[in-house]
Amino acid sequence: MHIIEDGNAAAALGVRLCRPQVIAAYPITPQTPVTEKLSEYVEEGSLSAQYIPVESEHSALAVCIAASSAGARVFTATSANGLLYMHEQVQWAAGARLPIVMCVVNRAVGAPWNIWNDQQDSISQRDTGWIQMYCADHQQILDTVIKAYWLAEKVSIPIMVCYDGYILSHTFMPFDLPEARAVDAFLPPFQPEYALNPREPANLNTVTLPDVRMDVHGELAHGYMEIRYLLQEDLRLALGAAAEMEKRFAGVFGREADPYLEPYRCDDADFVAVGLGSLTYQLRVSVDALRAEGIRVGVMGVRFYRPFPDEAIARALTGKTGVIVFEKALSYGYEGALASDLKSALYEYLGGTGRLPTVQNFIAGIGGREIHTQDLTDTLRAAIQARVSKEPAWIGLKL
Amino acid sequence: MQQAKTTILSLPTQEFVHPGTRACTGCGLSIAYRVGLKALGPDTMLIVPPSCLTVLQGLFPVASTKLPCLNVTFASTAAAATGILATLKAQGNTHTTVAAWAGDGGTSDIGLQALSGAAERGDNFIYFCYDNEGYMNTGVQRSGTTPIGAITANTPFKGKLQQKKDVPAIMAAHHLSYVAACSAAYPLDLYDKILKCRDLPGTKYFHIHIPCPPGWGYDPRYGIKIGRLAVETGYYDLYEVVNGEFRLTAASEKLVEKRKLVPVREYFRSQSRFKVLTEEQIADIQKQIDEKWEGYYKKSD
């Protein structure tokens with residue numbers, strides 16, 4: 001069924017279809033409508049879940065961590081400083097290998113206070129061991145939530161479903177709302193390998209030594225390092241599971257997509273713009289304009305940011321002359337995190353071949369600064385003609 | 001209905017803590033925990049933030065507790081209880097008890113927000129604050145419940161200059177069905193209070209005074225004696241607040257009849273942490289205790 005709703009509603013509808021048993025959330029703009037909607041669903045009875053209005057984001061994720069450890073499918077959502085306030089729990093959820101799904105409605109972080117969109121919040125959580133998926137429209141938000149539960153439970157790793165605040169969260173767009181039956185066919189009920197149980201007591205997440213240690217049966221148990229190594233290994237394996245996820249999703253819903261990347265007019269392009277989220281759809285307009293001028297350029301959205309699909313990215317960019325990375329966040333003191341990651345992937349796969357494309361990095365839309373499509377078009381054109389002198393270059397900076 | 005008082009003879013023999021834990025010699029917590037788990041029983045899930053109890057419970061993959069336990073971040077104990085309860089509710093499980101055991105720092109300082117949130121929501125679990133009056137696990141630093149005059153690793157020469165935070169009073173202000181103040185030196189009082197509160201609705205809060213040999217500075221064999229001195233001097237009171245109604249219990253209740261408190265000086269002089277307390281300060285504290293007890297006496301008349 002096609003409906004017209006805002007991005008937060010798309011998320012909430014997707015979550016309801018996944019039948020979470022426990023939802024905990026604390027209000028923060030622009031996330032609030034997602035969790036308000038979910039509280040409505042629970043109160044009206046269209047979703048059978050425990051809705052916990054907690055007193056902080058730290059507790060929101062604490063509730064999800066504990067509820068998941070006890071065997072429930074859980075959900076939370078946040079933005080900006082709410083996500084930063086969760087940070088300790090974000091790390092904990094990954095270390096505890098809990099398949100939590102959390103929507104991050106991307107917003108700038110303080111100081112100074114700013115409620116508008118950029119992606120500094122989720123990018124700053126890049127190294128926490130979570131899977132990060134970015135959405136570019138409402139259909140992707142809804143679909144990604146459903147896919148995320150499947151993948152998180154498959155690999156026992158939590159997932160952030162990231163989408164741009166306001167640009168997606170508060171705008172209305174048509175999208176297909178799947179039947180509950182179809183979602184049930186795609187996503188079976190959560191069956192944890194172990195859940196807290198008085199008949200089968202276990203002491204979860206307790207102090208674990210630097211080295212391996214014998215258990216009471218004389219078997220060697222992991223040390224902290226082994227546990228952390230396995231998180232890294234399983235994150236890398238999640239790239240393969242994501243491909244299976246897309247195949248299964250396409251089989252049930254008929255919407256087929258590349259699990260990692262979303263290229264647009266890239267096949268014969270000499271230059272490719274790269275980004276995360278809704279910005280890549282805006283860049284399509286610039287690409288079309290430049291194509292009309294005869295410039296062979298395309299744009300590629302990165303949908304799967306962690307684990308980083310390095311091989312897929314390097315393959316997609318092989319033979320290109322230049323790559324222009326647009327980001328709404330940066331690793332302060334250096335450059336955009338995506339640009340660094342992308343360069344690293346290119347070096348790994350194309351280094352020494354003499355066919356390394358140039359990589360340029362632009363920062364845009366920080367703290368919700370309006371990104372004019374014309375500025376993107378002009379920036380792209382200029383970057384294709386000649387390398388910018390100072391990187392990362394900030395678009396629309398008025399200094 | 002008055003429940004029969006448990007005696008050492010009627011205390012169940014089933015143990016939920018294996019012998020030989022990593023707790024310090026003479027640890028007051030190991031008494032309170034052992035007896036507390038007996039009262040909670042086998043159908044219980046535990047939540048523990050980083051604290052002395054984490055050490056007592058053992059290092060992976062060895063555990064000293066025979067109940068399932070979720071170790072959680074320092075500030076999130078009560079929120080984790082909420083999470084487990086939510087899952088139990090979703091599963092239709094109405095029989096399993098959820099119990100959190102946190103230290104005084106994890107309760108009165110970093111965990112207070114989450115505890116207040118869970119209590120305000122009325123989540124149905126039992127929260128135990130074992131109060132050894134400092135961050136003992138990290139090497140004896142001051143906490144919100146360290147008493148005035150106590151030397152700690154970060155109040156090294158002058159002792160703590162501020163009053164102990166009254167956490168049970170804070171929790172009582174949340175309109176809880178049950179708040180109790182207990183002591184490791186009176187484990188049967190703790191046991192009976194746990195039995196008493198189990199079927200009451202919402203959050204139940206227990207504050208347990210825990211003598212700590214390395215943190216307080218006394219010979220480990222005197223832990224019970226010192227815990228009792230705290231009560232017999234009227235310095236630390238055993239009581240319960242049932243649906244808002246305050247009542248002294250056990251030895252504290254008897255003190256009202258006796259109307260004779262041991263001078264608090266004896267308590268202070270039993271531990272090296274109070275060595276900088278002057279006679280003048282002790283006299284001042286004695287005065288406060290006497291005034292508090294005058295109130296108790298008047299109430300009982």
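Helix H7 (187-197), helix H9 (223-232), strand E7 (239-242) and E8 of chain B are among the elements that cover the buried residues of H10(B). H10(B) spans residues 250-258. Its buried residues include Ala250(B), Ser252(B) and Leu255(B). After the helix comes Arg259(B). The phi of Arg259(B) is positive, near 55°. This is a predicted model, and every value here is computed from it.

**The two chains**

The table sets out chain A and chain B.

| Chain | Residues | Helices and strands | Radius of gyration | Extent along principal axes | Buried |
|---|---|---|---|---|---|
| Chain A | 399 residues | 13 helices, 18 strands | 21 Å | roughly 70 × 50 × 45 Å | 51% of residues |
| Chain B | 301 residues | 12 helices, eight strands | 18 Å | about 60 × 45 × 40 Å | 55% of residues |

What radius of gyration does the globule rule give for the 399 residues of chain A? The rule gives 21 Å, and chain A has a radius of gyration of 21 Å, so chain A is as compact as a globular protein of that length. For chain B, a compact globule of 301 residues would have a radius of gyration near 19 Å. Chain B has 18 Å, which agrees.

Contacts along each chain reach far in sequence. In chain A, take the contacts between residues at least 6 apart: 78% of them join residues at least 24 apart. In chain B, among contacts with a separation of 6 or more, 69% are between residues 24 or more positions apart.

**Where the chains meet**

How many residues of chain A are in contact with chain B? There are 38, and they meet 37 residues of chain B. On the chain A side, four elements give two or more residues: strand E3 (50-53), helix H3 (57-69), helix H5 (87-95) and strand E9 (203-204). H3(A) has the largest share, with nine residues. By class, this side of chain A holds 21 nonpolar, 13 polar and four charged residues.

One residue of chain B shows the meeting in detail. Thr73(B) sits in the loop between strand E2 (69-71) and helix H3 (77-90) of chain B. Is Thr73(B) buried or exposed? Thr73(B) has 23 C-beta neighbours inside 10 Å, so it counts as buried. Leaving aside residues up to four places away in sequence, Thr73(B) touches Glu88(A), Gln89(A) and Trp92(A) from chain A, together with Pro49(B) from chain B. Pro49(B) is 24 residues from Thr73(B) along the chain. Their C-alpha atoms are separated by 5.5 Å.

**A sheet with strands from both chains**

Strand E2(B), at one end of that loop, also pairs with a strand of chain A. E9(A) and E2(B) run in the parallel sense and share two bridges. Cys69(B) of E2(B) is the bridge partner of Asn203(A).

This pair belongs to an open sheet of nine strands with mixed pairing. The order is E9(A)-E2(B)-E1(B)-E3(B)-E4(B)-E6(B)-E5(B)-E7(B)-E8(B). Which strands lie at the edges? They are E9 of chain A and E8 (245-248) of chain B, and each pairs on one side only. E7(B) and E8(B) also appear in the cover of H10(B).

Further along the sheet, E4 (126-131) and E6 (204-209) of chain B run parallel. Six bridges join them. In one of these strands, E6(B), Lys204(B) is the bridge partner of Ile126(B).

**H3(B) and its neighbours**

Helix H3(B) follows the loop that holds Thr73(B). H3(B) lies across strand E1 (44-48), E2, strand E3 (97-103) and E4 of chain B. H3(B) runs at about 170° to E3(B).

H3(B) also packs against helix H5 (residues 112-121) of chain B. Their axes are 6 Å apart, at an angle of about 40°. That angle makes H3(B) oblique to H5(B). From H3(B), the contact uses Thr77(B), Ala78(B), Ala79(B), Ala81(B) and Thr82(B). From H5(B) come Ala114(B), Leu115(B), Gly117(B), Ala118(B) and Arg121(B). By class, this contact has six nonpolar, three polar and one charged residues.

How values were computed. Residues numbered from 1 in each chain as written. Chains lettered and ligands numbered in written order. Predicted model: local features only at pLDDT ≥ 70, side-chain atom pairs only at ≥ 80, totals over all residues. Buried ≥ 20, exposed ≤ 12 C-beta atoms within 10 Å, placed from the backbone. Contact = placed C-beta atoms within 7 Å. Rg over C-alpha atoms; globule rule 2.2 N^0.38 Å. Nonpolar A, V, L, I, M, F, W, Y, C, P; charged D, E, K, R; others polar. Pairing = 2+ DSSP bridges. Axes fitted to C-alpha atoms, helices over the stretch in contact; angles between N-to-C directions. Parallel < 35°, antiparallel > 145°, perpendicular 65-115°, else oblique.
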